[in-house]
Amino acid sequence: MTEVVTYSRDGNIGVLTVRYPPVNALSHEVRSGLLEALEKGQADENAKALLLVCEGRTFIAGADIREFGKPMQPPSLPDVINAFENSSKPIVAAIHGTALGGGLELALGCDYRVAVSSAKVGLPEVKLGLLPGAGGTQRLPRLSGAQKALEMITSGEFVGASEALRFGIVDAVEEGNDILSVGKAYTEKAISEGWHLRRVRDLTDKLTAEHDSTVFDEFRASLQKKAPNLFSPFKCVDAVEAAFQLPFEAGLEKERELFMACMQSSQRAGLVHAFFAEREVSKVPGLAAETPVREINRVGIVGAGTMGGGIAMNFANVGIPVRLLEARQDALDRGLAVIRKNYENTAKKGRITAAQVEERMVLIEPTLNYDDFGDVDLVIEAVFEDMGIKRDIFARLDEVCKPGAILASNTSTLDIDAIASATRRPQDVVGMHFFSPANVMKLLENVRGEKTADDVKATVMAVAKRINKVGVLVGNGYGFVGNRMLHKRGAEAVALVNEGASPQQVDQVLTDFGFPMGQFAMSDLAGIDVGYRIRQERRKAGEDVPVSWLDKLAEQNRLGQKTGMGVYRYEAGSRAPIPDPQVDALIAEYRAEQDITPRAVSDQEILERCLYVMINEGARILEEGIAARSLDIDVIWIYGYGFPAYRGGPMFLADEIGLDAILATIKDFQQRFGASRWQPASLLEKLVAEGKRFSDL
Ligand code: 3HC
């Protein structure tokens, strides 16, 4: 027997124990081990019932995702689960931690399920572009009914033990930390009370009682609204529907067929890449895993504007006290009022309680006085993009903050080293670039300056985890990773409009691709003045940044959503962008001034120019070491800018399209639109010459 699964007997209970850290995933070894242990249990005359239990932090968390895309080695998971379901002795699954995906499916192949109260169960396959492919779509509805099964399977969300009990997914919930004792006690009860075999496949009352085809159509319609571009959620509905239309065996076959279609889809490849990339970014090359971190118990934030307020909320949400500083009382009052309104809106949606609103507000202490930063462990400056102002603030922080306090800037483009040099402690200075809205977006782009100490880098990465963000450590350079690529795309989008596209055509192409909003709707959200100020700073620094119709919008105080007008116009209280003939006129005027005769621009050209300009810049970013790996860039784009995760991120997508095809198109653009803007990155040329991909680096 392989040692990842063992069989032992305790009295009249045969115990099957899985130990395959970190999450007991169902690798080939585990699947074989489970079958062997099951056979032993069946053959053991002294075992009256069997208990399946896992060691370590969790029950089985699913199929082994690392095996996806490789040839499957038998036994398959459905074969293992069928063998469990056909056992001649009752089997109890004892669940702690998370029983997910194939793990829950295996538990559903057992006769009884007991969970500790902290346990969670779920079928998160859809988040990986899949559907439960080992009977989950056929067995879960037999326990929970159609509605709950559809909810769980199409969302991938976990449910807690008590909810699982309510829906019949588990049979009992017990208190206790020792899962083996909980499992044994429950199995002893099963034996002493003479419980019979109870195969989920044979349960039909939920199938007949709930057989109402409208529920499937309703789910399809709501998915069509929420996630029209996704492949697997629709297949999930088809699979669950099969449980209500077909006999069990035929339902399993249908599930397998749909599962294989998902497995072969490019969306599965993209989502699995995104899953591992998200975990990989926390392992920073060159930063030892054992690097010590500084203690962060109190945070100071400079600036109570949109960004500062959002950042403050992140800390208050996890119980870390914040001092929020502004220059003037009215600005401070406004900032706090916005924070309160945001919390109250969350409470209205039922996601937090009224008491939690107050608890969080109490944690955010307003101040007008820098001296109140004497005892903070981390300061995050979040004022607007002006190097002079930022340097003054950092010089002031250097005076008032205690030794060892980390001084961070939320700058989205400016040079961290230039900011650090305003202090006598550049080793403590770092960038912490949050994304708007800062209390929502999951990305935290942490920027290392030339002198930033290792423990400061490790601390800001740990802070990201603590406030539930995905932290990516990047190098210092204009716009770091995300905004550097975004600004290239922004300039290209403006060029496309100059040539004849409309802002709404560009945005439509990007949203059809899967971005939650287009380039121009995003400018309106962030504020037209933000980009304008950045361009002005660059012009001041002597860069050649051409004046565009976007600058004219800023100068006319069309600043985006906040003024009700930007590239689009907005009805009071609405965030829906409405095309504005006044902007069309402004663009036409600009074209006339520049002697441009507008032409029809195809959607494909828009998409290729918007994406390839980012990919080309991404290649330069890699070449310069600003991002350590192509997966860091992918994670930044997925979590900071809503790049569709099912496409894996820009660099993953580039590998999928083929770098040679991308280079050829870039060279064509270079001929058509100018040598400097479309100069191919040398890394891209090198990879193509060597027949390599970004992921090979
Ligand atoms: N296969 C392989 N490795 C896995 C894994 C899996 N299913 N789930 C997690 N891991 C790995 C992670 O990559 C990570 O590895 P690392 O330490 O080398 O980076 C390690 O386990 C720990 O994972 P997390 O950092 O995510 O730890 P958390 O404690 O934060 O979360 C978890 C644990 C909730 C289990 C989370 O990892 C998770 O959601 N995992 C995915 C679960 C899942 O999607 N299961 C379904 C798989 S598909 C399936 O079962 C198909 C079937 O229907 C046929």
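A polar contact, as the term is used here, is a pair of N or O atoms within 3.5 Å. Keep that cut-off in mind as we visit the ligand in this predicted model. A polar side-chain atom of lysine 283 lies 2.6 Å from an oxygen atom of the ligand, so this pair falls within 3.5 Å and counts as a polar contact. Glutamate 125 also brings a polar side-chain atom to 2.6 Å from a ligand oxygen atom. Glycine 133 takes part through its backbone instead: one of its backbone N or O atoms lies 3.1 Å from an oxygen atom of the ligand.

How much of the ligand does the protein bury? On its own, the ligand would expose 980 Å², and the protein buries 76% of that. Two elements give two or more residues each to the shell around the ligand, namely helix 3 (102-108) and helix 12 (266-280). Helix 12 gives the most, with 3 residues.

Now let us look at the shell itself. There are 24 residues around the ligand, and those that come nearest are Arg57, Glu105, Glu125, Arg279 and Lys283. Sorted by character, the shell holds 13 nonpolar, 4 polar and 7 charged residues.

With the ligand in place, we can step back to the whole chain. The chain is divided into domain 1 (5-263), domain 2 (299-478) and domain 3, where domain 3 is made of two stretches, 483-625 and 658-696. Taken over C-alpha atoms, the centres of domain 1 and domain 3 are 47 Å apart.

Next come the sheets. Strands of a sheet pair through backbone hydrogen bonds, and the pairing can be parallel or antiparallel. One open sheet has 6 strands in the order 1-2-3-4-6-9, and its pairing is mixed. Strand 1 (5-10) and strand 9 (172-174) are the edge strands, each pairing on one side only. From one strand to the next, the twist averages 25°. Within this sheet, have a look at strand 4 (residues 91-95) and strand 6 (residues 112-116), which run parallel and are joined by 4 bridges. Here isoleucine 95 stands opposite alanine 115 in strand 6.

Another open sheet is built from 8 strands, in the order 12-11-10-13-14-15-16-17, again with mixed pairing. Why is one side of strand 12 and of strand 17 left without a neighbour in the sheet? Strand 12 (364-367) and strand 17 (470-475) stand at the edges and each has a single partner strand, so one side of each has no neighbour in the sheet. Neighbouring strands of this sheet are turned against each other by 25° on average, direction ignored. For strand 17, we can follow the pairing with strand 16 (residues 443-448), which is parallel and extends over 6 bridges. One of the pairs to look for is leucine 444 with its bridge partner in strand 17, glycine 471.

Let us finish with some details of the backbone in the loops. Between strand 2 (13-18) and helix 1 (28-43) there is a loop that holds proline 22. A cis peptide bond joins proline 21 to proline 22, with omega about 0°. Asparagine 24 lies in the loop between strand 2 and helix 1 too. Its phi is near 55°, a positive value in a residue other than glycine.

Where does proline 437 have its place? Proline 437 is in the loop between strand 15 (429-434) and strand 16. The peptide bond that joins serine 436 and proline 437 is cis, with omega about -10°.

Technical notes
Residues numbered from 1 in each chain as written. Predicted model: local features only at pLDDT ≥ 70, side-chain atom pairs only at ≥ 80, totals over all residues. Heavy atoms only, no water. Near = heavy atom within 4 Å. Polar contact = N/O pair within 3.5 Å; in protein donor to acceptor, adjacent residues only side chain to side chain. Areas by Shrake-Rupley, 256 points an atom, 1.4 Å probe, with all protein chains shown as cover. Nonpolar A, V, L, I, M, F, W, Y, C, P; charged D, E, K, R; others polar. Domains from an automatic or database assignment. Pairing = 2+ DSSP bridges. Axes fitted to C-alpha atoms, helices over the stretch in contact; angles between N-to-C directions.
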